[in-house]
Amino acid sequence: MNPTNLSERYSEYASIAPEDLEFNEDGESIATLHQTTWVRILAVRRKNAKGTVSIEVEMSLPTCSPEPESQTRMGPDCLMRDVVLDTIDHMSYLLELNDLGFELDVLGHDCLWTAAKSFSKPPESGVFEQLVPPSPKSKTG
């Protein structure tokens, strides 16, 4: 995924007329802009906030089931080490989004970390550059 693709997907979704959107029981219309095993980037429009599109980033640990054949000569802890390094990279990614004005939150006992920001006009291109998630080192990505 690159910033241009994210921007194009956001623009396509933001340009849909409100009457053409499907809203859930909470009054939200949600489109997935990008998804990896670590991150899901959503665009959200709310019935009661016409003209505003929120970008929400959800980050959680991927399911990891190490397989013996995937281990390196460094031993079985190698994969978990990569998962820890990926977690650090993704947490830094969320902090960078926070520096851009995204609000951070943690949801539920599953530790779903989120970063969200509402926009009343299209975000600058730099926002989409920052939205591109890090590339995982581990085999979970």
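Colleague: Does Glu 58 count as buried or exposed?
Modeller: This is a predicted model, in which local features need pLDDT of at least 70 and side-chain atom pairs count only at pLDDT 80 or more, while totals for chains, interfaces and linings use all residues. Residues are numbered from 1 along each chain as its sequence is written, and side-chain values use heavy atoms, with hydrogens and water left out. Buried means under 20% relative accessible area, exposed means over 50%, and partly exposed is in between, with a 1.4 Å probe and protein chains only. Since the relative accessibility of Glu 58 is 15%, this residue counts as buried.

Colleague: Which residue does Glu 58 meet in a salt bridge?
Modeller: A salt bridge here is a side-chain nitrogen of Lys or Arg within 4 Å of a carboxyl oxygen of Asp or Glu. For Glu 58 the distance is 2.7 Å, N to O, and the side chain on the other side of the pair is that of Arg 40.

Colleague: How many residues apart in sequence are the parts that Arg 40 and Glu 58 tie together?
Modeller: Strands are DSSP runs of E with at least two residues, numbered from the N terminus, as are helices, which are runs of H or I with at least four. Arg 40 counts as partly exposed at 31% relative accessibility. The salt bridge between Arg 40 and Glu 58 has its atoms 2.7 Å apart. Because Arg 40 lies in strand S2 and Glu 58 in strand S3 (residues 53–59), the pair ties together parts whose separation in sequence is 18 residues.

Colleague: How many bridges join S2 to S3, where Arg 40 and Glu 58 are bridge partners?
Modeller: Two strands count as paired if DSSP finds at least two bridges between them. In S3, Glu 58 is the bridge partner of Arg 40. The two strands run antiparallel, and the number of bridges joining S2 to S3 is 6.

Colleague: Which residues are joined into one network by salt bridges that share partners?
Modeller: Arg 46 forms a salt bridge with Glu 28, where the closest N and O atoms are 3.3 Å apart, and this pair links strand S2 to strand S1 across 18 residues. Arg 46 also forms a salt bridge with Glu 56, at 2.9 Å between the closest N and O atoms. Because Arg 46 lies in strand S2 and Glu 56 in strand S3, this second pair ties together parts that are 10 residues apart in sequence. The network joined through shared partners is therefore made of Glu 28, Arg 46 and Glu 56.

Colleague: Which strands stand at the edges of the open sheet?
Modeller: The sheet has 5 strands with antiparallel pairing, in the order S1-S2-S3-S5-S4. Each edge strand has a single partner strand, so one side of each is left without a neighbour in the sheet, and these strands are S1 and S4 (103–107).

Colleague: Where is Val 53 found, and at what relative accessibility does this residue count as buried?
Modeller: Val 53 is found in strand S3. Not counting residues up to four places away in sequence, Val 53 touches several residues, including Tyr 10, Ala 43 and Phe 119, where contact means heavy atoms within 4.5 Å. Val 53 counts as buried, and its relative accessibility is 5%.
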